[in-house]
Amino acid sequence: MAKSLIEELPRIVSEGRREAAQILERLSSGTQIGLQTNELVLPSKDVSGLFKGSSPQIPNAFTMAGGNGEWMNRLIYGDNLLAMQALLAGDAQTGLPSLRGKVDLIYIDPPFDSKADYRTKISLPGTDIQQKPTVIEQFAYADTWEEGTISYLKMIYPRLVLMKEFLSESGSLYVHIDWHVGHYVKLLLDDIFGKDNLLNEIMWCYSIGGKGTRFFGRKHDVIFLYSKSSHYIFNGKDQLVATERKENSHMRVKIDEDGREYQEKTDKKSGKVYRYYVDEGKIPNDYWIDIEQLNREDSERVGYATQKPERLLERIIAASSNKDSLVCDFFGGSGTTAAVAERLGRRWITCDIGKPASLVMRKRFIDQEVKPFLYQSIGDYQKEAFRNNKRYKHVGDLSQVVLGLYGALPFTPEQTNDRNFGYIKGTRTLVMVDSPNRLTTAATIRRAVEAKASLLGGDWEKVVVLGWNFAFDISSAIQKYQDSNVEVLVIPPDLLDKLAKKGYKKLIDDRSVRFSSLQYLVAKPLVVTQQGEQDEIDVELENYVLLSPDNIPLDDKDKEKLQQVLERDPLSLIEYWSIDPDYDGVTFRSTWQDYRENVDNDNDPLHCVYKTRLRVPHKEQRQVCIKAVDVFGFESQVVESV
């Protein structure tokens, strides 16, 4: 008989403490996780097909608060457990100090329903399709809910421990949850923060959704508010709400000497008399009935299913942080926390493991014209996260399966102990299989090229890299090593499902597994015209090639729809494209950009504009980098010297 959840809690807590302790110990070791910067985003969206100006000169885009450094807000794509480790460790190479004890407010709205539909609706010209989660998201989701609530609590415990490490002595944590797992999460929060540091159990009541025929309507979420210490920030008077006048209330309305209406209440314990003026309002109670859920027609909607209203975050951020406080949200979702933090003059960091969420947030911040921010991802994506995870202990075996499906043979243990490598029989072709739990990056390609030159004496003519998930720098890496005879192919994202349904032998026999080339962007040759002390650079996209819908986690019917779009309107797949007119080869600066749903220039929410003219200060030589990200989150870039 399976143990009850109450019986499992001691083990959940014990394992969670151990995992968190191991993470914190590693922060001072040489195995720290780093962040890589995909873009320095300068929110300048296209409005007329013309960019006037120059690239802002930011002396060091990576310097942080403290000293004379300049703070950069951050949007991070990746597992928040890894992102938090990187932020706690700091990175001397990029000027990032440890953020331990530097955060005044953390708000999180983690998933709390194991039956939620995590598909993303994508509208394309003439059709809609449903994208399934990426392979990384699928692994994370499976790990979160494998044992139901038990797995969920195992996931959340070490993350809550790390969040406490971020908080300053005046810091607070808001955990937004509902009836699915709320009371169990409170037990963990009590264990980590101490139940005396629970300031409020807030009931956020709303009228939308939650209807039932066999139970009372579920019309509220719970938000647990915990402080790090007794010296927490609380600007309650900044959040006054109108005092309700109730007939027959024990708090009768009175009039003071100035003619102002007020109500009085006496505290029974202390005898202190409280006076509430009707025209001033009072600090909100712990049940909030004045903030409604978003409906479909709300103008602040950004197309994200679990988006929370800005008014809700305004109350939280204004109450528990000050101007220039650092606010973090490690389950970023639609980006409401960061968007409101920016508007209220706070610094922010937000993170999400979902590619769709990251794209939604990036677009939202540009629409809001926020300050320049860094769009980052985990450097060596899942190197640490799955070290002690039983689900992934046989990743090496999976590599052997992928090698076989590609038609390669594994090396024997005597030849090499690296089970990710194999070879094509009768040829001098080396094959490398990357893990499904990490991003294939420029570093991966470099490793493959080095193995081609050295493994078993070298003398390999070609190396093929098979990857699941790809980092932003993969296109430029392929260009860099184009003379090294290296080929990069995509492992089908539904391969794990196929293995579960059909088995390895059946897939070998029917040869239904296809490995596709990466997508790529085609731009027309740049046209540069010098106009006095300025250069006019005409940039135009020509084509976008997504070589196979099999690369995308879609149902078969949606793959057919996608193929039709590819044939008639391939550029419509571009979610956004941006230009760095003075690319330094290291940090891409999104100086100009256009994206779908930007209707300020063409009134067409399903297409970008595909050409622009940049006016920038004249230079004899420059590199122009053009980056495009499609609706599925795949990135391509073109670099041209002029």
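**Group meeting: a sheet, a hairpin, a buried serine and a cavity**

I'll start with one pair of strands. Strand β19, residues 429-433, runs parallel to strand β21, residues 462-467, and 5 bridges join the two. Within that pair, T429 has K462 of β21 as its bridge partner. Before going on, note that this is a predicted model.

Those two strands belong to an open sheet of 6 strands, with mixed pairing, and the order is β17-β18-β19-β21-β23-β24. At the edges sit β17 (409-410) and β24 (516-517), each of which pairs on one side only. What packs on the sheet? That is helix α10, residues 442-454, which touches β18 (421-423), β19, β21 and β23 (486-490). The direction of α10 makes about 145° with that of β21. As background, strands of a sheet pair through backbone hydrogen bonds, and the pairing is either parallel or antiparallel.

For the antiparallel case, go to β26 and β27. Strand β26 covers residues 527-531 and strand β27 covers residues 534-545, again with 5 bridges between them. V527 is matched with D538 of β27 as its bridge partner. The two strands form a hairpin with 2 residues between them, and G532 there has a positive phi near 65°.

Now the chain as a whole. The chain has 642 residues, and 53% of them count as buried. The secondary structure comes to 14 helices and 33 strands. Taking contacts between residues at least 6 apart in sequence, 70% join residues that are at least 24 apart.

One residue to look at is S590, which lies in strand β29, residues 589-590. Is S590 buried or exposed? Its relative accessible area is 0%, so S590 is buried. Setting aside neighbours within four places in sequence, S590 is in contact with E39, L40, V41, L42, R362, S578 and I579. S590 also lies 9.9 Å from N38, C-alpha to C-alpha, while the two are 552 residues apart in sequence.

Last, the cavities. How many cavities of 30 Å³ or more does the structure hold? There are 5. The largest cavity contains about 230 Å³ of space. Its lining is made up of 19 residues, and those nearest the centre are T134, W468, N469, F470 and F634. By type, the lining of the largest cavity divides into 11 nonpolar, 6 polar and 2 charged residues.

That is where I'll stop.

Definitions and conventions: Residues are numbered from 1 along each chain as its sequence is written. This is a predicted model: local features need pLDDT of at least 70, side-chain atom pairs count only at pLDDT 80 or more; totals for chains, interfaces and linings use all residues. Side-chain values use heavy atoms; hydrogens and water are left out. On a 1 Å grid over the protein atoms alone, a cavity is a set of points where a 1.4 Å probe fits but cannot get out, and a pocket is an open set with protein on both sides within 12 Å along at least five of seven lines; lining residues have an atom within 4 Å of a point. Grid points are joined across faces, edges and corners, and a volume is the space filled by probe spheres set on the points. Ala, Val, Leu, Ile, Met, Phe, Trp, Tyr, Cys and Pro count as nonpolar, Asp, Glu, Lys and Arg as charged, and the others, Gly among them, as polar. Two strands pair if DSSP finds at least two bridges between them. Helices (H or I, at least four residues) and strands (E, at least two) are DSSP runs, numbered from the N terminus. Contact means heavy atoms within 4.5 Å. Axes are lines fitted to C-alpha atoms, for helices over the stretch in contact, and angles run from 0 to 180 degrees between N-to-C directions. Buried means under 20% relative accessible area, exposed over 50%, partly exposed in between (1.4 Å probe, protein chains only).
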